[in-house]
Amino acid sequence: MLLEKIISISGKPGLFKLVSQLRNGFIIEDVSTKKKVSIGNSSQVSLLDNIAMFTFDKEVPLFEVFENIAKNQDYKETISHKSSDAELKEFMAASLPNYDTERVYASDIKKLAQWYNILHKAGYITPESFVKAEPETLDPAQDEVAVTEKAAPKKAAPKAEKPATPKAKASTGAKAATKSTHRKMG
């Protein structure tokens, strides 16, 4: 599942796929209707890939929670987000047994069920969706080269961000919105 391109937008129902970035916003596609529209930088965008659910001992990425739900439901649709709070809590306990009942609210569970069902209907929830890519094995000489190459761009990255361009502001705004949602989701 490619959650890194799936977003939620505050004030807009449903989920969207990021298609491309514009100078002053983004082009998005509704995952259900496939309709493309553009949004401005001022929109509160939350990347599903950056959202996690609280447990008593750690934060579990939303991807893993979706995988648990998919396995529990045999990759079929799950409980409706309009179900009773008791049913939703039972669903959550089955999906993430150690979830923090103090910090994960009923509204978070409703959103989780709704998002899962939207992704399921759009074809994102399949057994193949959760297959993780195997890391490539390299010989030690190649490993050293790979580490050196990866370290160099990290040092250069802050220099590239210093000039204030609209594109950099859009990325920064999206990340800030993501962090605030990360805390809200539970």
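**Entry 1. Burial and overall layout**

I take a residue as buried when its relative accessible area is under 20%. On that basis I find that 33% of the 186 residues of the chain count as buried. I note at the outset that the model is predicted. I counted the elements next and obtained 5 helices and 7 strands. Reading from the N terminus, I recorded their order as β-β-β-β-β-β-β-α-α-α-α-α. I then looked up the contacts with a separation of 6 or more, and 63% of them join residues 24 or more positions apart.

**Entry 2. Nonpolar cores**

I asked which residues have the most contacts inside the largest nonpolar core. They are Leu-48, Phe-66, Leu-112 and Leu-119, in a core of 31 residues. I traced the elements behind this core and found that β6 (52-54), α1 (62-72), α2 (85-95) and α3 (106-121) each supply at least two of its residues. The element that gives the most is α3, with 7 residues. I also recorded a second, separate core of 8 residues, which includes Ile-9, Ile-39, Val-45 and Leu-47. I add as background that nonpolar side chains in soluble globular proteins tend to be buried together.

I then listed the surroundings of Leu-48, leaving aside its neighbours within four places in sequence. Its contacts include Leu-3, Ile-6, Ile-7, Ser-8 and Leu-15. Leu-48 is also in contact with Leu-62, Phe-66, Trp-115 and Leu-119.

**Entry 3. Helix α1 against α3**

I looked up how the axes of α1 and α3 are arranged: they come within 11 Å and cross at roughly 75°. An angle from 65 to 115 degrees counts as roughly perpendicular, and α1 and α3 are therefore roughly perpendicular to each other. On the α1 side of the contact I noted Leu-62, Val-65, Phe-66, Ile-69 and Ala-70. These meet Leu-112, Trp-115, Tyr-116 and Leu-119 in α3. I classified the residues of this contact and found 9 nonpolar, no polar and no charged.

**Entry 4. Helix α1 against α2**

I repeated the procedure for α1 and α2, whose axes come within 9 Å and cross at roughly 100°. That makes α1 roughly perpendicular to α2. Here Asn-68, Ile-69 and Asn-72 in α1 meet Phe-91, Ala-94 and Ser-95 in α2. By class, I recorded 3 nonpolar, 3 polar and no charged residues for this contact.

**Entry 5. Burial along α1, and what follows it**

I listed the buried residues of α1 as Leu-62, Phe-63, Val-65, Phe-66, Glu-67, Ile-69 and Ala-70. I then inspected the backbone after this helix, where Asp-74 has a positive phi, near 55°.

**Entry 6. Length and burial of α3**

I checked the length of α3 against expectation. At 1.5 Å a residue, its 16 residues should span 22 Å, and the end C-alpha atoms are 23 Å apart, which agrees. The buried residues of α3 include Asp-108, Ile-109, Leu-112, Ala-113 and Trp-115. Tyr-116, Asn-117, Ile-118 and Leu-119 in α3 are buried as well. Just after α3, I noted that Gly-123 takes a positive phi of about 90°.

I looked at two residues of this helix individually. Is Asn-117 buried or exposed? Asn-117 has a relative accessible area of 8% and is therefore buried. Not counting residues up to four places away in sequence, Asn-117 touches Glu-77, Thr-78, Ile-79 and Ser-80. Lys-111 is also found in helix α3. Its relative accessibility is 36%, so I entered Lys-111 as partly exposed. The C-alpha atoms of Lys-111 and Gly-14 are separated by 9.9 Å, although the two residues are 97 apart along the chain.

**Entry 7. Tyr-99 in the loop between α2 and α3**

I located Tyr-99 in the loop between α2 and α3. Its relative accessibility is 7%, so Tyr-99 counts as buried. I asked what Tyr-99 is in contact with, leaving aside its neighbours within four places in sequence. The answer includes Phe-54, Thr-55 and Phe-56. Lys-89, Met-92, Ala-93, Val-104 and Ile-109 are also in contact with Tyr-99. Finally, I recorded a separation of 7.4 Å between the C-alpha atoms of Tyr-99 and Met-53, which are 46 residues apart along the chain.

Note on methods: Residues numbered from 1 in each chain as written. Predicted model: local features only at pLDDT ≥ 70, side-chain atom pairs only at ≥ 80, totals over all residues. Heavy atoms only, no water. Core = buried A, V, L, I, M, F, W, Y, C linked by side-chain atoms within 4.5 Å. Buried < 20%, exposed > 50% of the residue type's maximum accessible area, 1.4 Å probe, protein only. Helix = DSSP H or I, 4+ residues; strand = E, 2+ residues; numbered from the N terminus. Contact = heavy atoms within 4.5 Å. Axes fitted to C-alpha atoms, helices over the stretch in contact; angles between N-to-C directions. Parallel < 35°, antiparallel > 145°, perpendicular 65-115°, else oblique. Nonpolar A, V, L, I, M, F, W, Y, C, P; charged D, E, K, R; others polar. Expected span 1.5 Å × (residues − 1).
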